[in-house]
Each structure stands twice: as C-alpha cells, then as structure tokens.
Amino acid sequence: MGSRRHQWGAEAPRALPPRIHKLVIDDVRPEDEGDYTFVPDGFALTLSAKLNFLEIKVEYVPKQEPPKIHLDTSKGSGTESTVVVVAGNKLRLDVPITGDPAPVVTWSKGQEEFTAREGRAHLEERPGLCSFVIESAERGDEATYGIRVSNPAGEDTATICIRVVDVPDPPNVRVTGGEDWASLTWDPPKYDGGQPVTGYLLERKKQGSQRWVKLNFEPLGGTTFESQRMLEGVLYEMRVLAVNAIGVSPPSMNTRPFMPIAPTSEPTHLVVDDVTDTTATLKWRPPEHVGAGGIDGYVVEYQRQGGAPPCPPEEQWTPAHEGLVPRCSLTAKGLPTGEQLQFRVFSVNIAGRSPPALGQHVTIREIVERPKIRLPRHLRQTYVRKVGEQVNLVIPFQGKPRPQVTWSREGQPLGSSVNVRTSPFDAVFFIRAAAREDSGTYRMLLRVEALEDEAELRLRVVDRPGPPRAVHVTEVWGFNAALEWEPPADDGNAEVTGYTVQKADTRTMEWFTVYEHNRQPRCTVSELVMGNEYLFRVYSENQCGLSESAALSTNSARIPKAGLNLKPPQFQEHDFRSAPQFLTPLVDRSAVAGYSTALNCAVRGHPKPKVVWLKNQMVLGPDPRFLARHSQGVLTLLIRKPGPFDGGVYGCRAVNELGEALTECRLEIRAGAGGDPRSRKRSRSQRVKRQRRLRSDGARSCRKNVRPVTKRTQSRCRRRLHRERWTQESGKSLGRE
C-alpha cells in the first residue's frame, strides 16, 4: 500500500484528535479491485471493505463551430471594406475571428498570397485576432487584400480595399518670357495622390539665389499664370507646386533660366555675296538694338518665287541650314539650280526670334569670273630657304567656276619632293625638307574655260659654303704675317659674305680667332709672339653660316727671336715697424651707478703692442667686473654695473720693443635720482665691504711687489685709499642731493 496512488487521510475537529480515516485511490485501474482491511493502531478491531471495478465506455464528441470573420462592411458593398490611409502613416488592421477549433488564417494581396511576418508590411496573430500592419504606407501598398479563415467546420472570406492617399506629383512646367513679364504654363500632375488637385502654388527666384519668392498665397485653380514686374536683363527660374487635401506636392523641376526681355531688332545690311550652281553666300550685320539678352545666333530661310504651290506664307519658307548660325555670314548649300530665291534672316535670343531682314531676289546659277592669281608680295622676288627647312607657301586666287590649277618647273613636271594642294580659293606649295636640287623657277597656270592667268615662283635653296682654296703665308716681318687665299669652289648657292681667320702655335696647336667677317681674300695677322711658329686656317661664310671645314695654310710663319739681357731692379724692403701710437684716445665720460659702461680707444704699432689698463695709475688686476677686449687695434674696457667707488682716472698703456704710449680719461659715476632708504642702506653696507676688500687687495699688492715696502710706498697706498674714500663720499653726497 505504499504506492503514491494510495494516500491516507484523517479529518476531525480542531479541538479533538482525528477520528475519521480514509483511503484515496487516484486513477483507478482494474488491478485495484479486491478486499481492503483497516486495522487501527492500539485497538483490537478490524474493518474490511471490497472494491469492485466496473469499466464504462464514454464517447466524447468535441463541440465544433464554423469560423467567422467579424469585419465591419457597412460602408462597403457585400463583404468588401475600404480603408484609406495617408502615405507615410502607420496602418494597423485588427480583424476579429471566431471558430472552434481555431481557424487557419490566410492573407492575399491581389492574386498573390501574403505571408510576411517581418518587415515594413507584416502579419501578426493572436488568439481570436489577426492583424495586418504597415509601418509607413506607400503608393505600392494600395491594393485589394483578401482574408480567408477555415477549420473542419467550414470557412469564411472577406475583402479589404486599402487606398493610399498622398500629395500629388509635381507638374510639368513651361515658360515663355517678354520684356518685363513671363508666362508660365504647366500640365496637371500625372498622379493626383488619390485626392483631387485643389490648386497650385507658384514661386520664382533669381538664378544663383537660394531665396524663393511666392507669387500667390492662395492655390491657383488654372494651369497658366503670368508673372509681372520682372527686372530686364536678370535671369529667373520658376517652379510650381500642386496642392490637394493631403498637402503640397514636391516642387516641379526648375524652369530653364530665362531673361524677361524682348527679342532684338531685325539684322541689317543683308546682301548676297556670292552665288554658284547650288550655293549662295549671304552676309549681314548685327541688329541695331540688341538689348540685355544678347544674340544666341541667326536663322536663315529662303523661298522660291513663282511656280510654288499655294500654301500659307510661313510654310513657303525653307530653312537654309540646321541650328543657329553663330556668325554674320552663311554659305547655303544644296539650293535648286536655276531657281529665283529670296532669303530672310532672323536674330535669335532667349526671348525668341526678331523681325526678319529680307534680301533681294537672286537666281541660283554659276557666274563666270576671270581667273586671277594674287601672288603675295614676298613671293614676287626670289624666295630663299636653307637646306632642310620646310617650304610652305599659300597662293590665293579667284575665279568662277572653280579654276583648274597646273604646276610646272622650267617646263617639266614637278618632282616627287614637291607637294601641291588646291582648294577653291588658294593653292598650297609644300616641300617637307628643302634640298638644293629643289632650286629653280616654278610656273603656276590658272584656267577657267578659255581664260588663263599664270605666275612664276623663283625658289633658291642655300647651304653652307665649301672651304677656301690655296691658303698660304706670303710675307713675315717683325711681329706680323700676311696671308692670301682663293674663294671656295662651292659657294653654297649663296654669296660668300666673309671669312674667319684663326691662328695656332705649332707647339700647343690651340686655335684662336684673329678675324671674323673678313670681306677680302687676304689679311695681315699682327701681335705674334717672338720666337714662335704659327699655322693659319680660314673658314668661308655666307648667310647659312661658316663652312663645315677650314682650309689650312700650306706654310707657316716663324717670328725670329732677338738677343735680350734681363736686369732685375734693386728692391729694398720697407720697414713697417713703428712705436705704439693711439689713433683714438680715451675720452672723459660719466656713467650712472648700476649701469654697465665701456671705455674705447684705438692703437697702432708693429710689432703688436702689449696693452695694460690702469686705474688711478695702478694696474687693474683680474677682476670679473672689468672685461678688456682687443680687436683689430680697437681696445675696449667694459665695466659691469659700476658703483660710486669705481670712478676715477683710467688709463691704457701700449708697449712694444720700439716704445710705449699712454692715454687717460676721467670716469665719473653718478648715483641714480630718487633712491629709497632701503636701497641706500644696502649700498652703504656694500661700500663698507668694498673698502675692506680694497684694503686687503692693497696690502696683498704691496706684498707682491718685488721691491721692499718703503715708507714712500705706504704713503702712496694711504693716498690712494684716501682718494677713493673721498670719491665715495662725494658720490654719496651727490646721491643725497
């Protein structure tokens, strides 16, 4: 009985011990059938019971309910409901569904099944509810959506039509301008956003600006608008925005920049300059009044006179070319031969066409004109070129019809090196690299039917000349030599303009030019060096330059050497030694106590003198407050931050082996004005210390003297100390004043 299915339990009032016992069997099975005995503990008593198992079969039939879509279709037709959503907004359709067992839900968009569970448009399912969610509605979401629910008890369907309304598309804009106005025309938007367009808003701005100016504040109902009070010569841009119940559409594309100006006046002085069988050349001048818009180009048209079929006047004119003519001339091609035509010309700018300029009637046929060669002035003389240079000559001519050009050279056909190209107005004579064989007389013959004209072209190709001949020395005298030679055998097809003569010593054979551009075939070479032997060579020269090689003299010129005795002059070396001498002496000066000062002088002497600085006739020892400098004879004594006791007589002594020199000056130290008592007290203590040091230095200097200390030396030291003390006291009194 220890099974978990058999549980004992006792129940009794709270105040009394339990008196009731029971046995509970969970999930009764056939094997639980039998006799059960209860024996209470402590009692000689037993209770028995028998359990009989009866098997009863109960058949359970679950309850079934057909599915049902609870969708409000009161505003639709049948089972279709229409939902309107603004583009960009969120749409959530919660469709309640009932049925037992829970039905299966299927969504479709149009003819395709929709099963997305994630993304911008997705489905959500909860017990008893199916939701269709669009996070941000777009135009592509507009469609008819179907929902079908089914279970074993049946099925149900419903249709939901979702309409996405949006702002309309921008319209297509066209603009035409006048003198101070612009007419704007546009087409309604191709897509009105699902709501009727209620009007349009118009804006304009200057080109390059970012500020748009509104032209109307209330929506305009039509599709045309005329903007007034515009500045002439200023480029504008305009745009249109469509308005419906949802909002304002994006702006349309900006119109092309236009300038509110009027067309120019008509072109002037239209004439027919030339006529052939199929062409006519027209020329004209710009309009007298152009305006701020300038001229973009010209349009040329023509019409036939007589024999033309009846048609409106504007349709009788035929364009003479495609596009705009940028210049004030045009050669119209492909014209009907023998027809009498009239031409007209328009000037075109941003405002449109100007009034036409009409020309005279002209018959399209060839005019015979006598041929004429217009030979340039520089070709009427002999044309000279160097060997290897390019020859490119343009010879214009005239004649109608197109003349026939024939070239020949001295009665013979042209060589292979000469190229000739002919156009209706000129002929080109071309040689890529001229050679001397191309020299000669060329004849150009121009022929129109039985009429002829001819011209001659004389070409001479020149080159460097050859070297002179028979160069020799004819005479030598003194320091001179006479040369003679003969002109070169080949002058390079040009006149020899001169000769260049060079000389060279036979020992070094270094060549030096003696003469340039010497006209005669002879010369005299002077200033030759005695005792040397010379050779000579000569170059010939023309307008192309010097000859490539020179002619060497057949003999040499030797300058004889005469006997000479060299007597060197007697030279006595100058004695530069000198005793020291001060060029710039010391100058008396005064200085302010506490500010560095310098004493300067200049000395000269050779050998370099030894310099000694003195103060009150005593040598300045190694003291860091005194810095002596010597540079290029300039002597400087720098006194760093002097005190009143540094005043006195300073001297500079220069000594060398030839003598000595001395210069002196007086230095006065002035106390600074306005000193405070603390600084005066501090300077007084410094003076006391200085006096003690001077006494010790004086005694030390006296001890260092080689000579014995005499009474005279002691008295001299006492006088120096007394003089310094007097100087300090005088400086102190000046400071107090």
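In what order do the strands of the open four-stranded sheet run? Here are a few notes to read alongside the model, which is a predicted one.

1. The order is β5-β7-β11-β10, and the pairing in this open sheet of four strands is antiparallel. At its edges lie β5 (65-69) and β10 (121-126), each of which pairs on one side only. From one strand to the next, the twist averages 15°.

2. Within that sheet, do have a look at β7 and β11. Strand β7 (residues 91-100) pairs with strand β11 (residues 129-134) in the antiparallel sense, over six bridges. If you would like a place to start, Arg92 stands opposite Val133 in β11.

3. A second open sheet is worth a visit too. It has five strands in the order β47-β54-β53-β49-β50, and here the pairing is mixed. The edge strands are β47 (589-592) and β50 (618-619), each with pairing on one side only.

4. For a parallel pair in this five-stranded sheet, go to β47 and strand β54 (residues 659-670): they run parallel and are joined by four bridges. Ala591 stands opposite Ile669 in β54.

5. A word on confidence. The protein chain has a mean pLDDT of 84, and 88% of its residues reach 70 or more. Two stretches call for some care when reading the model. Over residues 10-16 the pLDDT stays under 50, and the model gives this stretch 10 contacts beyond four places in sequence. Residues 701-706 also have pLDDT below 50, with three contacts in the model beyond near neighbours in sequence.

Definitions and conventions: Residues numbered from 1 in each chain as written. Predicted model: local features only at pLDDT ≥ 70, side-chain atom pairs only at ≥ 80, totals over all residues. Heavy atoms only, no water. Pairing = 2+ DSSP bridges. Helix = DSSP H or I, 4+ residues; strand = E, 2+ residues; numbered from the N terminus. Axes fitted to C-alpha atoms, helices over the stretch in contact; angles between N-to-C directions. pLDDT = per-residue confidence, 0-100. Contact = heavy atoms within 4.5 Å.
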